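Colleague: I have a model open and would like to learn how to read it. Could you take me through some features, one by one?

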Amino acid sequence: MDFQLSEDILALKNVVRDFIKDEVDPYANEIEEKDEIPEQIMNMSKEMGLFGLSIPEEYGGLGINMIGKCAVFEELGKTHNGYTTVIGAHAGIGTVGIVEMGNEQQKKKYLPDMASGHRIGAFALTEPNAGSQASNLKTRAVRKGDKYIINGSKHFITNAPIADVFTVMAVTDPEKGAKGITSFIVEKDFPGFHVGKIEEKMGLRGSHSAELVFEELEVPVENVLGAEGQGYVNALKILANGRAGLAARNLGSCQKLLDMSVRYAQERVQFDKPIIEIQAVQHMLAEMALDIEALRWLTYRVAWMTDQKMNVIKEAAMVKLFGSEVYNRVADKAVQIHGGMGYIKEFQVERYYRDARITKIYEGTSEIQKNIIAAQLKKQYS
């Protein structure tokens, strides 16, 4: 396994690091207060190519591999998680389906605008009664001539209020269970498409999730993504790819929290000495560093496996599970080390603590990841 980054990726990583430090971090508190990403930051992100990370160069993207994308996501994770989620949801699950499963006509039609950020992507799988059990979808798609008519709803869809192109999963054959699900490329301007309630969330300010409502939604036949009946398989592939990227974003946030905690422990004086001299604090810092290093190696191993076109269903579940659990442990210790300061909104630690909690839920809960791992082990040893 070779995790070494190319010179081009290292250069991009440095550019993103400077961009985060100079352009995004100064607006972190404003993003939190106003619950929106400043337009100039979005425009600069588009100019840098962050919306086209994994879209091939022939369609206007940067065309970097999974290891490269994780390297960029790691840097993005070191800033406001709301901003990071807007980029990550688009560059991950919002575009991967079209890149991996789309035909040439679909790629030419959608990817150039998505690579430039002119069109934002989103992934619509979750429903009120079908979150963790994706095979229990109720949204129906019925073919009528040269169109499919879709009725149903989705919820908790990241980027929904700003997205233009959605990868939507719907049931085309209810008799076949998971094998009767088909994926579609849906544009927000298609007749019958509505964005519903925008959710008020605990964290991820600036990143908005909303309900989608389909009432006699008309989708052209040519917008079927992959083969009919392959939607559930497509969803698993898209999510597996997204999970490595999410782990990389978690990794960046963990590293930022460790950096902040070490600096604070060196500066904060109690009992006539910096608290970094107190063994209890040393142990928390050591545990944080150990978790982060283990997450780093697992993240890039899964990214490497993805680039090698290996089956990563089990490993993607592992890295998503481990990454979210590590982020929550690190955030908890960071608050403890900062004491009262860690609980004050003016400082960043409190925000990371709130933002960390969703990582154990979205894109598959920790419990679902364990189910996936166990199922894969059962196959492996049968």
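**Reading the model**

Modeller: Start with one residue and its contacts. Beyond the residues up to four places away in sequence, S366 touches L321, S324, E325 and K360. Keep in mind that this is a predicted model.

Colleague: Where does S366 lie?

Modeller: S366 lies in helix α12, which covers residues 366-381.

Colleague: Is S366 buried or exposed?

Modeller: Buried means under 20% relative accessible area. S366 has 2%, so it counts as buried. Sequence distance and spatial distance are separate readings here. S366 and M318 are 48 residues apart in sequence, and their C-alpha atoms are 9.3 Å apart in space.

Colleague: Now a pair to set beside that one. How far apart in space are F156 and E277?

Modeller: They are 45 Å apart, C-alpha to C-alpha, with their positions 121 residues apart in sequence. F156 sits in strand β3, residues 147-158. Exposed means over 50% relative accessible area. F156 reaches 51%, so it is classed as exposed. Leaving out neighbours within four places in sequence, F156 contacts E199, S209 and A210.

Colleague: On to loops. Which loop holds P26?

Modeller: The one between α1 (7-24) and α2 (28-34). P26 counts as exposed because its relative accessible area is 53%. Its contacts beyond four places in sequence are I20 and K21. P26 and T79 are 53 residues apart in sequence, with 9.8 Å between their C-alpha atoms.

Colleague: And the loop after α2? Is D35 there buried or exposed?

Modeller: D35 is in the loop between α2 and α3 (39-48). Its relative accessibility is 18%, so D35 counts as buried. Look at its side chain next. A polar atom there lies 2.6 Å from the backbone nitrogen of G206. Outside the four-place window in sequence, D35 is in contact with E30, R205, G206 and H208.

Colleague: What about backbone angles? Which sign does phi take at E216?

Modeller: Positive, at about 55 degrees, although E216 is not a glycine. E216 is in strand β7, residues 209-220. At 46% relative accessible area, E216 is partly exposed.

Colleague: Where is F271?

Modeller: F271 is in the loop between β9 (269-270) and β10 (273-274). Its phi is near 55 degrees, again a positive value in a residue other than glycine. F271 is exposed because its relative accessibility is 70%. Look also at K309, just after α9, with a positive phi of about 60 degrees.

Colleague: How do I read the length of a helix?

Modeller: Compare its end-to-end reach with the expected span. Helix α9, residues 279-307, has 29 residues. Its first and last C-alpha atoms are 42 Å apart, close to the 42 Å expected at 1.5 Å a residue.

Colleague: How many residues does α8 have?

Modeller: It has 37. Helix α8 reaches 53 Å, close to the expected 54 Å. Its surroundings can be read from burial. Of the 37 residues of α8, 28 are buried, so the helix is largely enclosed by the rest of the structure.

Colleague: Why do residues three or four places apart on a helix point the same way?

Modeller: Because an α-helix has 3.6 residues a turn.

Colleague: How do I find empty space inside?

Modeller: Rolling a probe the size of a water molecule over the atoms shows where empty space is left. This structure holds two cavities of 30 Å³ or more. The largest has a volume of about 70 Å³. It is lined by 13 residues, and those closest to its centre are N81, T85, R249, N250 and Y362.

Colleague: Which helix gives the most to that lining?

Modeller: Helix α8, with four residues. Both α5 (81-91) and α8 (231-267) supply at least two residues each.

Colleague: Last, the record. Where does UniProt place its domain features?

Modeller: An unreviewed UniProt entry places "domain: Acyl-CoA dehydrogenase/oxidase N-terminal" at residues 7-117. That span is 68% helix and 0% strand, and its end C-alpha atoms lie 25 Å apart. The unreviewed entry also has "domain: Acyl-CoA dehydrogenase/oxidase C-terminal" at residues 229-377. There the model shows 77% helix and 3% strand, with the end C-alpha atoms 26 Å apart.

Key. Residues are numbered from 1 along each chain as its sequence is written. This is a predicted model: local features need pLDDT of at least 70, side-chain atom pairs count only at pLDDT 80 or more; totals for chains, interfaces and linings use all residues. Side-chain values use heavy atoms; hydrogens and water are left out. UniProt positions are given in the numbering used here, feature names are shortened, and annotations may be inferred rather than shown by experiment. Buried means under 20% relative accessible area, exposed over 50%, partly exposed in between (1.4 Å probe, protein chains only). Contact means heavy atoms within 4.5 Å. The expected span of a helix is 1.5 Å times one less than its number of residues. A polar contact is a pair of N or O atoms within 3.5 Å; within protein, one must be able to donate a hydrogen and the other to accept it, and residues adjacent in sequence count only if both atoms are side-chain atoms. On a 1 Å grid over the protein atoms alone, a cavity is a set of points where a 1.4 Å probe fits but cannot get out, and a pocket is an open set with protein on both sides within 12 Å along at least five of seven lines; lining residues have an atom within 4 Å of a point. Grid points are joined across faces, edges and corners, and a volume is the space filled by probe spheres set on the points.
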